[in-house]
Amino acid sequence: MSGFLYSLKLQLKLDIRSRSLLVTCYIVPLIFFLLMGRIFTSVMPEMKGTLIQSMIVLTVSMGAFIGLPPSLMETYATDVKKVYKANGVPLYSGLITMFFSAFIHLYITCAIILLLSPVLFDAVLPAHVPPFLLALAIFITVSLCLGCILGLAVKNQAKLTMLAQLLFLPSIMLSGIMFPVNLLPDFLEAIGRLFPAFWGYRLMLDQGLYPGNLWYPLLLFGGAALYLYIRLHKMNG
């Protein structure tokens, strides 16, 4: 346990120094929050009730799909992987520490949004904070698992950037955070349901943490965890 905590502490420090993760987990989401929060609540005052959830969906999706995968690719698609093997360090160790580090960074950014939204934009706080925080943790976990798949499966930076955008942009546009999904054609609404952002947004709404909104994120988590296990097992072989 002490070894894992030391590795996690080291990874947190490395991530803070990582320009990519710093930009995607902190700078861009918070700038977008500060700029668009005022615009959204001015143009559509009813968005004060869901501003926190909307900004968090954008933050988590950006960090998970654009911020985390490049860090994983730099480790598992390069000679760094050989360093792990040469020193007898399990390959899953790097994945787990990067996962938890990204989780902590994203949770911090989401907490900032949660605390500042009522002060800056008169946004409505969740009626029940503990279920909201649990729903947030589930959403971050599932999103990061998909980001881990990207980071391990793709070995080319250009392809990784393209695939990350193909996950990120539909997650935002089809999740319902910008406009109601019932305004979309049926086939686009169906596509939106494939992304964790759609379900994460609904999980974080008041009374949203119930089995009808949980089954698909849990299914995604199980499938992603199985894929990551098989992928790492093959790399070890």
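Two residues are taken to be in contact when heavy atoms lie within 4.5 Å, and helices are DSSP runs (H or I, at least four residues) numbered from the N terminus. The model described here is predicted, with local features needing pLDDT of at least 70, side-chain atom pairs counted only at pLDDT 80 or more, and totals for chains, interfaces and linings using all residues. Residues are numbered from 1 along each chain as its sequence is written, and side-chain values use heavy atoms, with hydrogens and water left out.

A convenient place to begin is the meeting of two helices. Gln53, Ser54, Ile56, Val57, Ser61 and Phe65 of α3 touch Pro196, Ala197, Tyr201 and Met204 of α9. This contact is made up of seven nonpolar, three polar and no charged residues; here Ala, Val, Leu, Ile, Met, Phe, Trp, Tyr, Cys and Pro count as nonpolar, Asp, Glu, Lys and Arg as charged, and the others, Gly among them, as polar. The axes of α3 (residues 51-76) and α9 (residues 196-204) come within 10 Å and cross at roughly 145°, where axes are lines fitted to C-alpha atoms over the stretch in contact and angles run from 0 to 180 degrees between N-to-C directions.

Helix α9 is largely enclosed by the rest of the structure, because nine of its nine residues are buried, that is, under 20% relative accessible area with a 1.4 Å probe and protein chains only. Among them are Trp199, Arg202 and Leu203. The buried residues of α9 pack against α3, α6, α7 (157-173), α8 (186-192) and α10.

On the other side of the crossing, Ser54 sits in α3 and counts as buried because its relative accessibility is 0%. Beyond its neighbours within four places in sequence, Ser54 contacts Met47, Ile177 and Tyr201. Ser54, Met47, Ile177 and Tyr201 also help to line the second largest pocket, as do Glu46 and Phe179. A pocket is an open set of points on a 1 Å grid over the protein atoms alone, where a 1.4 Å probe fits, with protein on both sides within 12 Å along at least five of seven lines; lining residues have an atom within 4 Å of a point. The second largest pocket has a volume of about 160 Å³, and its lining holds seven nonpolar, three polar and one charged residues.

The largest pocket encloses about 190 Å³, a volume being the space filled by probe spheres set on grid points joined across faces, edges and corners. Its lining comprises 12 nonpolar, no polar and no charged residues, including Tyr92, Phe99, Cys145 and Phe221.

Definitions and conventions: Buried < 20%, exposed > 50% of the residue type's maximum accessible area, 1.4 Å probe, protein only.
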